[in-house]
Amino acid sequence: MENEVTELSFTPKTLEADVLRHLTFTLGKDPDHASRYDWRMALSYTLRDRIVEPWFASTRKTWAEGRKRVYYLSMEFLIGRLLEDATINLGLRDKAEEVMANFGQNFRDIVEDEPDAALGNGGLGRLAACFMESMATLGCPAYGYGIRYEHGLFRQRFEGGRQVETPEDWLKQTHPWEFARPESAYVIPFKGYVEQKGGKSVWVPEETVLASAFDTPVIGWQGKWANTLRLWGALPTTQFDLERFNRGDYTAAAEPEALARTLSRVLYPDDTTYAGKELRLKQEFLLTSAALQDILRRYLASYSDLRDLPKHVAVQMNDTHPAIAGPELIRLLMDDHGLDFETALETARGCLGYTNHTLLPEALERWATFTFGNVLPRHMQIVEQIDSWHRRVYPGRPHYVGIVKHHEVRMGELAFVMAHKVNGVSALHSDLVKKNLFPELHALHPDRIINQTNGVTPRRWLKMCNRPLSALITDTIGDGWESNLDRLKELEKPIQTKSFRTAFDAAKRENKVGLSNWVGQQLGVKISPDALYDVQVKRIHEYKRQLLNILQTVAHWHAIRQNPTANWVPRVKFFGGKAAPGYAVAKEVIRLINDVAQVVNNDPVTGDLLKIVYPPNYNVSMAERLIPAADLSEQISTAGKEASGTGNMKFMMNGAPTIGTLDGANVEILQEVGAENFFLFGLTADQVGPRRQDPDHARKAIEASGPLMDVLQMLAEGRFSPDQKDRYHGLVHRVWHHDYFLVASDFDSYDQAQAKVDQVYPDRDAWVTMAALNTARSGYFSSDRTIRSYMKEIWNVAPAL
């Protein structure tokens with residue numbers, strides 16, 4: 001095929017020559033004086049060269065064949081490190097290691113020198129990255145659109161157990177994977193007023209910035225197809241005020257640049273102030289307007305009739321952050337291209353799809369009409385037009401849920417009305433979106449909501465991050481499973497043999513030894529690879545219930561202390577994740593985990609029977625280290641709150657059974673793996689509502705649970721905060737009186753499930769069989785399956801391969 005990289009470019013000799021060429025002529029260094037950074041950059045540029053050829057070929061093929069493209073709009077793309085990922089998808093991993101060894105360089109050290117791109121926070125951004133890789137693997141022509149954040153969310157560290165946020169600095173070094181595209185820049189307007197001229201509405205903005213493009217090619221499996229991740233950086237339309245500078249007003253002279261760059265500095269700025277809210281809305285509009293202007297420019301280069309836009313363009317809104325896409329596309333079609341309102345609306349709806357990722361109403365985004373109208377006055381008019389049109393076309397509802405209601409613009413409702421398809425991300429979630437989140441809109445549009453259960457790319461999350469296990473899989477069932485994950489079912493028969501189980505257990509232990517060494521070096525905590533590694537890594541949030549985990553950990557520690565000579569299973573509890581800077585309750589939970597760890601890890605009575613490890617600044621690269629080594633996957637959210645989860649899928653794929661509730665994609669994991677290979681506990685989504693109706697539910701649960709009562713008493717007495725005895729009085733009070741997420745109600749069930757884990761784990765045959773069956777039955781959770789379904793059911797796009 002035209003877009004396959006020539007075999008010659010894959011030879012170690014050619015790779016070696018190209019690394020040396022880039023070291024010399026791109027970086028200006030000779031081998032004797034090159035640093036690790038220089039070698040990493042030289043190897044990265046060498047690999048990028050081999051990605052560019054299929055990237056160009058894929059673009060040419062899409063243009064030549066007039067193929068429909070997918071445009072994926074997301075505030076986050078948590079892409080992680082790209083160097084090793086590129087070697088895996090190009091089939092060059094071992095050759096790259098050989099080449100760097102010939103230069104006296106350790107490939108692993110080179111890989112770990114690369115900073116994680118600080119472009120996301122959690123599951124939303126990692127899902128977007130997996131989807132981009134799967135679209136490239138399947139030959140689905142696509143662009144991802146996001147923002148090139150200079151400082152990301154934040155870098156997390158702990159001081160006295162408390163989370164401290166500092167800026168990420170991933171861009172202080174050159175990012176070798178991107179291409180600056182200054183010619184692809186668009187004016188983004190804000191504020192001002194709307195006036196009527198010749199019967200047309202004309203927006204006269206008060207402020208403008210430029211959105212300038214930076215392109216990163218995304219290569220698919222075996223290098224057969226590549227798509228583009230286009231990130232926008234904000235620049236001033238007026239670069240520099242020389243007159244002010246010459247008058248000595250140096251700060252004011254640089255003000256336009258400073259204000260513009262503010263838009264692409266930080267992901268999710270604190271919005272507890274009006275200025276923070278305005279900045280967030282501006283960021284969302286910057287992303288969306290720049291993307292839509294770029295899409296229309298590309299379309300009009302080949303076609304003239306904008307009414308045919310849905311035949312060639314599919315725009316997917318990843319959650320409500322890009323929900324302004326509906327009114328913005330209408331604005332561009334009406335104000336810039338002369339379409340009437342209803343034609344523009346129908347054209348926009350034909351293009352737009354909306355993925356909902358949350359069942360938490362507060363996360364759906366609602367903007368005060370004052371803020372929205374002040375920042376985007378033309379869009380306020382269009383949103384009201386959309387609302388009036390929808391009310392008129394779909395009358396008769398006694399309690400119509402408007403887009404604009406109670407002086408708020410409701411972005412979830414706006415996204416729903418403006419999308420031709422709305423999807424949830426797990427079977428349970430999609431059902432709850434219909435019943436609980438948008439019941440009135442679902443009644444008006446009964447065919448609009450569909451399900452698309454999430455998935456993860458097996459190239460990164462098994463082939464790359466778990467080399468011992470992926471090698472065993474290939475030795476057992478052969479090549480090809482990486483792009484057809486259902487083939488993992490072929491492992492079920494070998495799992496019944498002692499030799500395979502021994503090899504599987506050895507692969508897991510190799511990963512655990514690597515993790516234990518890293519923990520000792522980085523954190524100074526000595527842990528045994530023979531202990532059970534129990535892992536919960538995700539955003540810190542009340543509904544994800546890290547609090548439940550640490551309270552049960554304290555109960556377990558207390559039980560060991562009561563009878564230290566009993567036959568306990570040694571356990572290491574791993575936590576990882578960040579709390580939003582303004583989320584005080586979540587930050588309190590972080591401090592509690594660290595305070596408990598300080599006591600438990602230094603307790604001579606419990607010793608190696610229990611350790612707690614909480615490495616700071618959890619990111620993709622840390623996940624790639626933790627997940628392959630995990631024995632137990634903690635997926636313990638309150639039922640009905642987690643949309644899907646993708647960490648649960650990664651743990652399953654890597655042979656870690658789940659302890660979890662019937663929430664999100666846990667439901668489908670349980671169906672795939674079987675109840676005997678899953679540690680289920682807790683209330684169901686149907687039971688949660690009635691339980692909350694009892695105002696005394698928490699008190700009753702606590703009084704019925706001796707272990708929980710003891711744990712809360714220890715917290716209240718300051719057992720883990722001797723320097724401040726009352727530190728956790730507020731937290732204890734919330735558990736007793738404001739336990740919305742039902743930590744107390746699920747505590748005993750969770751404690752019993754953990755006891756069942758302790759019963760099974762020492763039986764190595766039983767445990768390893770359970771773990772291996774999790775891997776063998778994880779094929780459904782490949783993001784390739786998810787993307788094929790989006791292509792067929794939402795985007796109407798055919799693969800180009």
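The paragraphs below walk through the cores, the sheets, one buried acidic residue, the aromatic pairs and some backbone features of this predicted model.

A good place to begin is the nonpolar interior. The largest nonpolar core comprises 141 residues, and those with the most contacts inside it are Met135, Ile330, Phe372, Ile386 and Trp795. Helix α10 gives the most to this core, contributing 11 residues. Another core lies apart from it and holds 107 residues, including Cys465, Tyr728, Ala744 and Tyr761. Returning to Trp795, its contacts beyond four places in sequence are Lys68, Val70, Tyr72, Met135, Cys140, Ala314, Gln316, Ile787 and Tyr790. Among these partners is Met135, itself one of the residues with the most contacts inside the largest core.

Helix α10, which spans residues 274-300, also carries Asp294. This acidic residue is buried, with a relative accessible area of 0%. Where does its side chain find a polar contact? The partner is the side chain of Tyr145, at 2.6 Å. Leaving out residues up to four places away in sequence, Asp294 touches Tyr145, Tyr186, Arg230 and Trp232. Three of these names recur in an aromatic cluster: Tyr145, Tyr186 and Trp232 join Tyr71 and Tyr143 there.

Aromatic residues deserve a further look, since a search of the whole structure finds 28 aromatic pairs. In one of them, Trp39 and Phe103 are tilted, with 4.7 Å from centre to centre and 35° between the planes. Trp39 sits in helix α2 (residues 36-64), whereas Phe103 occupies the loop between α4 (93-102) and α5 (107-113); the pair thus links parts of the chain that are 64 residues apart. Both Trp39 and Phe103 are buried. A second pair brings together Phe681 and Tyr750, whose ring centres are 5.0 Å apart and whose planes meet at 45°, so this pair is tilted too. Because Phe681 lies in the loop between β22 and α28 (685-693) and Tyr750 in helix α32 (residues 743-760), the pair ties together parts 69 residues apart in sequence. Phe681 and Tyr750 are likewise both buried.

Turning to the sheets, an open one is built from 6 strands in the order β19-β18-β17-β20-β21-β22, with parallel pairing. Why is one side of β19 and of β22 left without a neighbour in the sheet? Strands β19 (610-613) and β22 (679-680) stand at the edges and each has a single partner strand, so one side of each has no neighbour there. For β19, pairing with β18 (residues 571-576) runs in the parallel sense over 4 bridges, and Phe574 has Val613 in β19 as its bridge partner. Helix α22 (residues 498-523) lies across β17 (532-537), β18 and β19, running at about 65° to β17.

A smaller arrangement is seen where β3 (residues 155-159) and β4 (residues 162-166) pair in the antiparallel sense over 5 bridges. Within this pairing, Arg157 stands opposite Val164 in β4. The hairpin has 2 residues between the strands, and Gly160 takes a positive phi near 60°.

Helix α20 (residues 467-477) is notable for its buried residues, which are Pro468, Leu469, Ser470, Leu472, Ile473, Thr474 and Ile477. These pack against α19 (458-464), α22, α26 (647-653) and α33 (764-776). Helix α22 therefore has a part in two settings, since it lies across three strands of the sheet and also receives buried residues of α20. At the start of α20, a side-chain oxygen of Asn466 comes to within 3.2 Å of the backbone nitrogen of Leu469. After the helix comes Gly478, with a positive phi near 90°.

Positive phi values are also found outside glycine. Most residues other than glycine have a negative phi, yet two residues stand out here. His407 has a positive phi of about 60° and is found in the loop between β13 (404-405) and β14 (408-410). Arg545 likewise has a positive phi of about 60°, in the loop between β17 and α23 (546-562). Are these residues buried or exposed? His407 is exposed, with a relative accessible area of 67%, whereas Arg545 counts as buried at 1% relative accessibility.

Methods
Residues numbered from 1 in each chain as written. Predicted model: local features only at pLDDT ≥ 70, side-chain atom pairs only at ≥ 80, totals over all residues. Heavy atoms only, no water. Buried < 20%, exposed > 50% of the residue type's maximum accessible area, 1.4 Å probe, protein only. Polar contact = N/O pair within 3.5 Å; in protein donor to acceptor, adjacent residues only side chain to side chain. Contact = heavy atoms within 4.5 Å. Pairing = 2+ DSSP bridges. Axes fitted to C-alpha atoms, helices over the stretch in contact; angles between N-to-C directions. Core = buried A, V, L, I, M, F, W, Y, C linked by side-chain atoms within 4.5 Å. Phe/Tyr/Trp six-rings, centres within 6.5 Å; stacked < 30°, edge-to-face > 60°.
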